[in-house]
Amino acid sequence: MMKSQMTRLFLYAVMEVLETGDFLFRDVPSSAALPIIRPALGRQHSMSDRAKGAMQGYLNHFLSNIDIVNSQEVCKFLEVSKLSFAPEYGPKLKEDYIMVKHLPKILDNAEDRRCCSCQWLCCCRDNWQKVWAVLKPGFLAFLKDPFDPKPLDIVVFDVLPASDGNGEGRVSLAKEVHDHNPLRHYFRVTCGTRSIKLRTKSNAKVKDWVVAINDAGLRPPEGWCHPHRFGSFAPPRGLIEDGSQAQWFVDGSAAFEAIGLAIEEAKSEIFICGWWLCPELYLRRPFHAHASSRLDSLLESKAKQGVQVYILLYKEVALALKINSVYSKRKLLGIHENIRVLRYPDHFSSGVYLWSHHEKIVIVDHQICFLGGLDLCFGRYDSGEHKVGDHPSQIWPGKDYYNPRESEPNSWEDTMKDELDRLKYPRMPWHDVHCALWGPPCRDVARHFVQRWNYAKRNKAPNEQAIPLLLPQHHMVIPHYMGKNKEIESGENSDYGNHKDVRRNDSFSSLSSFQDVPLLIPQEADGPDAVKIEPKLNGFNPLHDLHGQTSRLSRNPFFFGKSKIEPLIPDMPMRGFVDDHDTLDLQSEMSHMKQTGLEVSEKEWWEIQERGDQVVSADEIGQVGPRVSCCCQIIRSVSQWSAGTSQNEESIHSAYCSLIDRAEHYVYIENQFFISGLSGDEIIQNRVLEAIYRRIMRAHNEKKCFRVIIVIPLLPGFQGGVDDSGAASVRAIMHWQYRTICRGHNSILHNLYNLIGPKMHDFISFYGLRTYGRLYDGGPVASSQVYVHSKIMIIDDRTTLIGSANINDRSLLGSRDSEIGLLIEDREFVHSSIGGKSWKAGKFAMSLRLSLWSEHIGLHAGEVNQIRDPVIDSTYKDIWMATAKTNTTIYQDVFSCIPNDLIHTRVSLRQCMSFWREKTGHTTTDLGIAPNKLESYKDGDITGTDPMERLKSVKGHLVSFPLDFMCKEDLRPVFNESEYYASPQVFH
């Protein structure tokens, strides 16, 4: 009785205040995420400030009572729920009870879910149920009641088609539905492949919902229902100081170390999405000294602390691939109940057999995201040395000693058992590039994951309660209030070694309650007690390491640099837009540094940055790049089958073509494949090649210097020698790549040569990577290609594209493989030069190029200035091309390795293989084993020299791509090969 009286008194008081014309919640804190409404004509004085303060204090007193806050009447009157007060999901828009028909029957409180109060009509017998609907800027969620944080269903807003097909313009997210029964009031929400019919009690409520939902879908800056640049679902970020930051990693050693550190610091949830995942993967090496860094051990540790882990795996066609996702799922699910795994797609039910989910994503607490070319699986860990041997095993245990050109494991049950004989076969070194993100773009990637997870859950496990639907987080707005949850603060300062103190910080935590939520704490934005909002950095603290231990600063991959953050301009239109849930106060961190004796290192850091405005520091040509503020945009390839979207998105393809067209001086590409088409090509549909061709022709016509440098694998990374009967897939991919590069009227070199002759090599050239070493101390000298698996493009030292997408139709058309990428446009610049002229180079793009080129051509830190200008002849011809040519010649002399330009037919290939296998006594697939002594003639006598002496002249790993290899053969599958009957689209 007392609770009911208090509630009625509260509602009466609220109505009294509303009737005065001075809206009580005008200054409500954004932590409560209620709408902020300001009078149009300035302050109104219908109520004295003293009376107003008394009323506010009176109501705050009532709301400090947990029974009042949890009152269903209060929540319904205010249209609030538990999601209303969760700042990570964005500001509150609209909430209310509505009727749904598409959900399974909600068993509890069935009488309360009747569509009306009548007892004699049959209107409640048609499966309509009452649920609480919550509208946020990025989604519409349905809850069992306002106090239940777990959604029964969710519609994640996505780009709508430009036309409904009836000539009525763009499709609406929500639309009124007229029914023959005037007492029933409906509207329909359509997004992606879903169309949900909803019902309210009046036509006025229908109109309110339709307007609110359509407005939410187009609300800036995201406007999720409207396509952004390149047709992407995500808007460009970092146009203002919003905390968007990025950092690159070259090769698996650096990237896996960073991912491991991020997982160790997880407090709430971890998202992992991959083409292949190996639970037994060690993220740090030597593996004997880092047993706790094994992926399954890391995830188990975090799951026991309450961190929720969601893993989305590609479900392969077992006959075609041996990645055994069934084993990975079973292994992961057996670790802990807080680890949830979905494999997708179901090939039979979906009809999808040819395409794959190819993204490689790790997201921790919506604060930091990793994406790029690296799956968390065997064979990917590597460093800039790219060693070919490891005996006895120190770095690559068991099946992690990996060479798919030689053999793919038939079983993953015993992962620590060697697949290859380490005394006879080299591993295949792996070159890759990965990236870390902080801020709004991290949430955009998380939104993509949530969209894919929910779509897979609905199709694979719609009734499985253990697998929840996920909610996308939002870039939160804090106009004038900055409150911090005490649990979060204590959690940030707690000892991570004490598992009992670690708590989830999301709004769904069972430890949180409405008692923690300050519902009404009025405060004038311009008053004397106003809280001043300072710009923040998203994610982990860049000023000290992830464990708060200063002794580890030197090896922390995140401590590579930060931006000087300037205050936002006071009258900027988007003033006050900062991250609230996961940001750190810079002033307090500077104070912490002084207290912990770090002020000297901070001063030195700023001195380095000032010098870095002139040149990129030597530290930034290693395997870890600077963490810089940047403009960036998430781009992707998705379609109905992969993400449940209403239309194909090929924003990666659009970005490639647009950026190449706008390039001023050079385009540098590293990719696992290079299969593309010119205009008029009816087979290959992506037009990256056409963009390159047009840009080169424009440079030629304008008589300007322009370079296109492309680095790809020397051979496809699939099992079987080029001449083997079971290697038709290898030959097929080679056919499509040579068709793109240099063979036939569809190739770019053929077309360029017809117009500009041999000068075409001044504009475009192709390369691969190769390395060598002993298999073990005193063992044979072996060589292997360094498998180029990176998917990057750098333009003009200012723009970088990093992701999972290959340059082929599978990755770029959107309707085939699902992919994700990141476009980074630098905001921090350093003095440099291009074409002999002064040039402001981007810190991210230039440092990444210098790191890659230094590794490829074997330069040390002190020699980096030799390649600072990427297009002048002294760099491009005298260093880059000359190094590749010299290395190629040496490798040919020592190993006669495959592929090479001297072999044009399968007959000559067989002869070469037979001769060298007999000479060396080894049967490696692509040769690559040096004889004990190299024979040479001197003064008419045959002398033998140590092959290692000859190999000392090799610099780096760069070699020329063999354009003439197998040039007299048709490499397409023939009728007696199973690949002949497969769709050619599989290979391109």
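Buried here means under 20% relative accessible area. Keep that cut-off in mind while looking at the aromatic rings of this structure, which is a predicted model. The count comes to 25 aromatic pairs, and a couple of them are worth a look up close, along with one cluster and two ring–charge contacts.

**The Y97–W132 pair**
- Y97 and W132 meet edge-to-face, with 4.8 Å from centre to centre and 85 degrees between the planes.
- This pair ties together distant parts of the chain, as its two residues are 35 residues apart.
- Y97 belongs to strand β1 (residues 94–100), while W132 belongs to strand β2 (residues 129–136).
- W132 has a relative accessible area of 0%, so W132 counts as buried.
- Y97 comes in at 15%, so Y97 is buried as well.

**The F915–W916 pair**
- F915 and W916 also make an edge-to-face pair, because their planes sit at 85 degrees, with the ring centres 5.8 Å apart.
- W916 is buried, with a relative accessible area of 12%.
- F915, on the other hand, is partly exposed, at 47% relative accessibility.

**A cluster of rings**
- Four residues, F271, Y310, F449 and W453, come together as one aromatic cluster.

**Charges over rings**
- R427 places its charged end over the ring of W396, 3.8 Å from the ring's centre.
- Over the face of Y738 you'll find R743, at 3.6 Å from the ring centre.

Definitions and conventions
Residues numbered from 1 in each chain as written. Predicted model: local features only at pLDDT ≥ 70, side-chain atom pairs only at ≥ 80, totals over all residues. Heavy atoms only, no water. Phe/Tyr/Trp six-rings, centres within 6.5 Å; stacked < 30°, edge-to-face > 60°. Helix = DSSP H or I, 4+ residues; strand = E, 2+ residues; numbered from the N terminus. Buried < 20%, exposed > 50% of the residue type's maximum accessible area, 1.4 Å probe, protein only. Lys NZ or Arg CZ within 6 Å of the ring centre and 35° of its normal.
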